[in-house]
Structures are given as C-alpha cells and as structure tokens.
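This briefing covers how two chains meet, one residue in a loop, and one helix. Please read it alongside the sequence and the coordinates.

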Amino acid sequence: MKIRVYYTPFCFYCKLLKEFLKENNVEYEDLNVQENREAALEMIEKTGQTGVPVIEIDGKIIIGFDKEKLKEALNL
Amino acid sequence: MNEEQLRKISERYAESQGFKLNPDEKVVESIIKGMIDNEENHGFRYCPCRAITGDKEKDRKIICPCFWHKDEIKDTGRCLCGLFVSK
C-alpha cells in the first residue's frame, strides 16, 4: 500500500493519526504542509481544502482522523 | 505574545461569539503553541492545522479565527483544529 500523510507539527489530530498508524505498524510517507509548499499545494489540489490531517491510501483520500474509515481503508 | 496571553485572547473571542475553548487541555495547548510558532516563523497566527500556501492573500483565510470556523462549529461542534467548540 502506498500511504501518504499530510500533516502539520502542532495539529493534535495529526498526532493521533500518527500514533494510530504506529500502533498498527503502518508505514507511510509524511509531508509537513506548513514547511513544504509543494506538498501543501498538492494536498489542496487533491482535497479542495486546507485542513489536516489528510491521509492518502493508494489514491483514496481520508480527511481528518476517522478511525473507522482508516480501519476499513487499511484492512485492519 | 506568550501562550497565556494568546489563550486569554482566544477565550475572550470564543465567549463573545457564543462558543468556548475546547475543554481538552491537550488540544488547546497544542493549538496555542502552534499559533505562536506560526507567528514567529511566518509572521501570522495561522491555524496550525491548515496548509500554508505562501500566497499571503490566500493565506489570510487561515489566520485564526479562520474563515471557516463558525460554519465548522455549527456543523460539527468544533472548528477544524479543535480550539473552539460549541457550548
């Protein structure tokens, strides 16, 4: 699975998402959208909005920290 | 501006608008720190849970309180970052 997480360092829900991924041994690429302009614009283009966390799982986008949607998308 | 000052400003704003700060102290602390960090690094109290494009005109919308916060509180009970919640 190709997984990308768009996050910001002080976002509490981003921390929860990353903890959840760590607990479930899920590997991912993370992109800080407050420091990485390219990633920021990419995320905005893909989602039509500016908020994080955003997780992209093999092209499927989930906005926000939603455990149930994550479990389904990650086959957990 | 320090964390305590920004927290008080945020609290007063919330009260004036009919909502309140998130009772979860961990969330509030993280967001306040994030806003101060953004002010130091980018010059504005950007919402710490939103992407910064670098386009100052576009990024005006994400200065706290952000453009979407009232609708978000109305629709979901909290703004995106969780700083403000409905009473």
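Between chain A and chain B of this predicted model, eleven residue pairs are in polar contact, both partners being at pLDDT 80 or more, while the count of salt bridges between the two chains is zero. Contacts link 17 residues of chain A with 24 residues of chain B, and the area buried between the chains is about 1,600 Å², of which carbon and sulfur atoms give 56%.

**The side of chain A that touches chain B**

- On the chain A side, A:Phe10, A:Tyr13 and A:Gln34 lose the most area to chain B, and together they account for 41% of what that side buries.
- Helix H1 (12-23) and helix H2 (37-47) of chain A each supply at least two residues of this side, and the largest share, five residues, comes from H2(A).
- Sorted by class, the side of chain A that touches chain B has ten nonpolar, four polar and three charged residues.

**B:Thr53, a loop residue**

- B:Thr53 is found in the loop of chain B between helix H2 (25-42) and helix H3 (56-59), and with a relative accessible area of 14% it counts as buried, because that value falls under the 20% cut-off.
- Leaving aside residues up to four places away in sequence, B:Thr53 touches A:Arg37, A:Leu41 and A:Ile44 in chain A, as well as B:Lys58 and B:Asp59 in chain B.
- The side chain of B:Thr53 reaches the backbone nitrogen of B:Asp55 at 3.0 Å, and a polar contact of 2.8 Å joins the side chains of B:Thr53 and B:Asp59.

**Helix H2 of chain B**

- The 18 residues of H2(B) should span 26 Å at 1.5 Å a residue, and the end C-alpha atoms of this helix are 25 Å apart, so the modelled span agrees with the expected one.
- The N-terminal end of H2(B) is capped by B:Asp24, a side-chain oxygen of which lies 3.0 Å from the backbone nitrogen of B:Lys26, whereas the residue that follows the helix is B:Gly43, whose phi is positive, near 90 degrees.
- The buried residues of H2(B) include B:Val27, B:Val28, B:Ile31, B:Ile32, B:Met35 and B:Ile36, with B:Ser30, B:Asn38 and B:His42 also among them.
- The buried residues of this helix pack against H1 and H2 of chain A, together with helix H1 (3-17) and strand E1 (19-21) of chain B.

Definitions and conventions
Residues are numbered from 1 along each chain as its sequence is written. Chains are lettered from A and ligands numbered from 1 in the order in which they are written. This is a predicted model: local features need pLDDT of at least 70, side-chain atom pairs count only at pLDDT 80 or more; totals for chains, interfaces and linings use all residues. Side-chain values use heavy atoms; hydrogens and water are left out. Contact means heavy atoms within 4.5 Å. Buried area is the accessible area (1.4 Å probe) that two parts lose on being put together, summed over both. A salt bridge is a side-chain nitrogen of Lys or Arg within 4 Å of a carboxyl oxygen of Asp or Glu. A polar contact is a pair of N or O atoms within 3.5 Å; within protein, one must be able to donate a hydrogen and the other to accept it, and residues adjacent in sequence count only if both atoms are side-chain atoms. Helices (H or I, at least four residues) and strands (E, at least two) are DSSP runs, numbered from the N terminus. Ala, Val, Leu, Ile, Met, Phe, Trp, Tyr, Cys and Pro count as nonpolar, Asp, Glu, Lys and Arg as charged, and the others, Gly among them, as polar. Buried means under 20% relative accessible area, exposed over 50%, partly exposed in between (1.4 Å probe, protein chains only). The expected span of a helix is 1.5 Å times one less than its number of residues.
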